Structures are given as C-alpha cells and as structure tokens.
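Open your viewer and get ready to click along. We will go from stop to stop, selecting a few residues each time.

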Amino acid sequence: MRLEEALEKSRQVEGWLSAGEQALLYDLALSVPGDGAIVELGAWLGKSTIMLAAGSMQGSKPAVYSVDSFVPTGEGAPFYYSELRDRPQDYLPIFLTNIRNAGVSSVVKPVKSLTVEAAKGWAGPRVQLLFIDADHAYRSVRDDFLAWAEHCGRGSRVVFHDYGRFGVSHFVDQLRLTKVITNVNVIDSALYGEVAVTGTLRVKRRLDLCPSLIPRFLKGFKNTVRFTRGRLLQKNE
C-alpha cells in the first residue's frame, strides 16, 4: 500500500498523529526486515497501526504487534472514557473494524494486555521497530522501554510519541544523555532513534549514570535534537 493511500485510510480513524508522524511510521516500517517484528505500545483505535501495517505491507511484511489493554487505563483514562462517549469501554472491536476497513489485517496481530506484561511473555521475533505511545507518565514510559529493550537488538529503531510532554521528555532525555539511544531526530512530536544498549539490566546500569533529575536542569538540551516538521524519510515511488 502506497503512502498516499495509507494516509487517507489513517485519516478516517480517530487519533492524534500529524501527517509527518504518520509518514514517519510508514517509512520506518517499510525498512523492517521480514524476520523482525514491529511492536506498538498503545494502539487506541488503530490510526498509527494502519500506518505501520501499510509500511510493512509495502516492504517485507513483518508482523505488527499492537499491544493495548483496549480499555482506558493509566493517567489518561478519564480522557479516553470521554472520547469513547456512549461506545463500549472495551474498544478492541472498534480497533479490529478499523484495521479490517483499511485492508491491513493480514499483518496486524492485536495483543490485549498491559504493555509490560506483554513484554514478559514475549515469544515473537526480535523487535526491529518499537513505537511507544501508551501511558505518558514518567514511570510508565520508563517501564515500557525497560521491559521491551530486552527484545530489541542493537540498531533497532524506537519511536516515542508526544515528546514534549513532561513524562515522555523526562525519560527520553535520560536515554539520550546516557547514549542508550543514538542518532536521534524529531518529526513534529515523534522522537526517533536507534537502540545502542539492549537488555533491561544493561539499560538500567547506564541510566544509573544519569539520575532522573539531571535532564530537567540542562537548559537548552532539547535544542541539540534536530526537529523537522513533516519531512518524509524517503521517497515512496
């Protein structure tokens, strides 16, 4: 599925991604080898899933594992309840309908689970692309990355959505300062880079070198990241 078609299908689904972020997910998924896995933490109604799956289908067709409790949880639960309004609180059927209507069901594997619990039971391929967009509290983002770093290889790509919100930025800046992730760039609010340190224990040891308060006092540190508004990573001929 070409980028333009994927964008059109994704726009029909509720969610919070800019066109640049949608194109980023598509392009990153396009480069994942067929024997790897794409994992997204926090799927909501499938807007990001469609872009990841469309990129996968245009490339080597690795599976996209969409991990979500599919009921509102965490600090954002009241907001998501309000977004569902009079619809069922279990939104997995809505997600599945959106995925089917977009024509990407063949590569999407929903995982109805808390994100950290899913990592504990992971038996899939090496994670080559990890998209973290679940609970945005600092501890939650940290726990998600630590749990899934065990299943990533050096050079795997990781994307954090909503970089700019305190919990996300706070933890991601620790990863940057300790060089757990490298080659970092930002498109709109999506920060992406390469995993340079893998394994939960190794990442924890590296993070111990940078107490969590340090990034808050480094004025101008975020300006060392190259921000790009809506740039595509590559042409999709």
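Start by selecting Arg85, which sits in the loop between H4 and H5. Keep in mind as you look that this is a predicted model. The phi angle of Arg85 is near 50 degrees, a positive value in a residue that is not glycine. Is Arg85 buried or exposed? Its relative accessible area is 57%, and because anything over 50% counts as exposed, Arg85 is exposed.

Now select Phe70, in the loop between strand S2 (63-68) and H4. Phe70 also has a positive phi, near 60 degrees, and is a residue other than glycine. What is the relative accessible area of Phe70? The value is 0%, so Phe70 is buried.

**The whole chain**

Zoom out for a moment and show everything as a cartoon. The chain has nine helices and eight strands. It is made of 237 residues, and 54% of them count as buried. Consider the contacts in the chain with a separation of 6 or more: 77% of these are between residues 24 or more positions apart.

**Salt bridges**

Next, show side chains. How many salt bridges does a search of the whole structure find? There are five, and we will visit some of them.

Select Glu14 and Arg87, which form a salt bridge with their closest N and O atoms 2.9 Å apart. This pair links distant parts of the chain, 73 residues apart: Glu14 is in the loop between helix H1 (3-11) and helix H2 (19-30), while Arg87 is in the loop between helix H4 (77-84) and helix H5 (92-102). Turn on the surface to check both partners. Glu14 has a relative accessible area of 31%, so Glu14 is partly exposed. Arg87, at 24%, counts as partly exposed too.

Stay with the loop between H4 and H5 and select Asp90, then add Lys112 from strand S3 (residues 108-112). These two form a salt bridge, and their closest N and O atoms are 3.4 Å apart. Because Lys112 lies in the strand and Asp90 in the loop, the pair ties together parts that are 22 residues apart in sequence. Lys112 counts as partly exposed at 44% relative accessibility, and Asp90 counts as partly exposed at 31%.

For another salt bridge, jump to helix H8 (residues 166-177) and select Asp173 and Arg176, which lie three residues apart, about one turn of the helix. Their side chains meet in a salt bridge, at 2.9 Å from N to O. Are Asp173 and Arg176 buried or exposed? Both of them are buried.

**Where H1 meets H2**

For the last stop, select H1 and H2 and rotate the view until you can see both axes. The axes come within 11 Å of each other and cross at roughly 125 degrees. Angles between 115 and 145 degrees count as oblique, so H1 and H2 are oblique to each other. Their crossing is right-handed.

Now show the side chains where the two helices touch. Which residues of H1 meet H2? Pick out Leu3, Ala6, Leu7, Ser10 and Arg11 on the H1 side, then add their partners in H2: Ala19, Gln22, Ala23 and Tyr26. Try colouring this contact by residue type: six of its residues are nonpolar, two are polar and one is charged.

How values were computed. Residues are numbered from 1 along each chain as its sequence is written. This is a predicted model: local features need pLDDT of at least 70, side-chain atom pairs count only at pLDDT 80 or more; totals for chains, interfaces and linings use all residues. Side-chain values use heavy atoms; hydrogens and water are left out. A salt bridge is a side-chain nitrogen of Lys or Arg within 4 Å of a carboxyl oxygen of Asp or Glu. Helices (H or I, at least four residues) and strands (E, at least two) are DSSP runs, numbered from the N terminus. Buried means under 20% relative accessible area, exposed over 50%, partly exposed in between (1.4 Å probe, protein chains only). Axes are lines fitted to C-alpha atoms, for helices over the stretch in contact, and angles run from 0 to 180 degrees between N-to-C directions. Angles under 35 degrees count as roughly parallel, over 145 as roughly antiparallel, 65 to 115 as roughly perpendicular and the rest as oblique. A crossing is left-handed if the near helix is turned anticlockwise from the far one by less than a right angle, and right-handed if clockwise. Contact means heavy atoms within 4.5 Å. Ala, Val, Leu, Ile, Met, Phe, Trp, Tyr, Cys and Pro count as nonpolar, Asp, Glu, Lys and Arg as charged, and the others, Gly among them, as polar.
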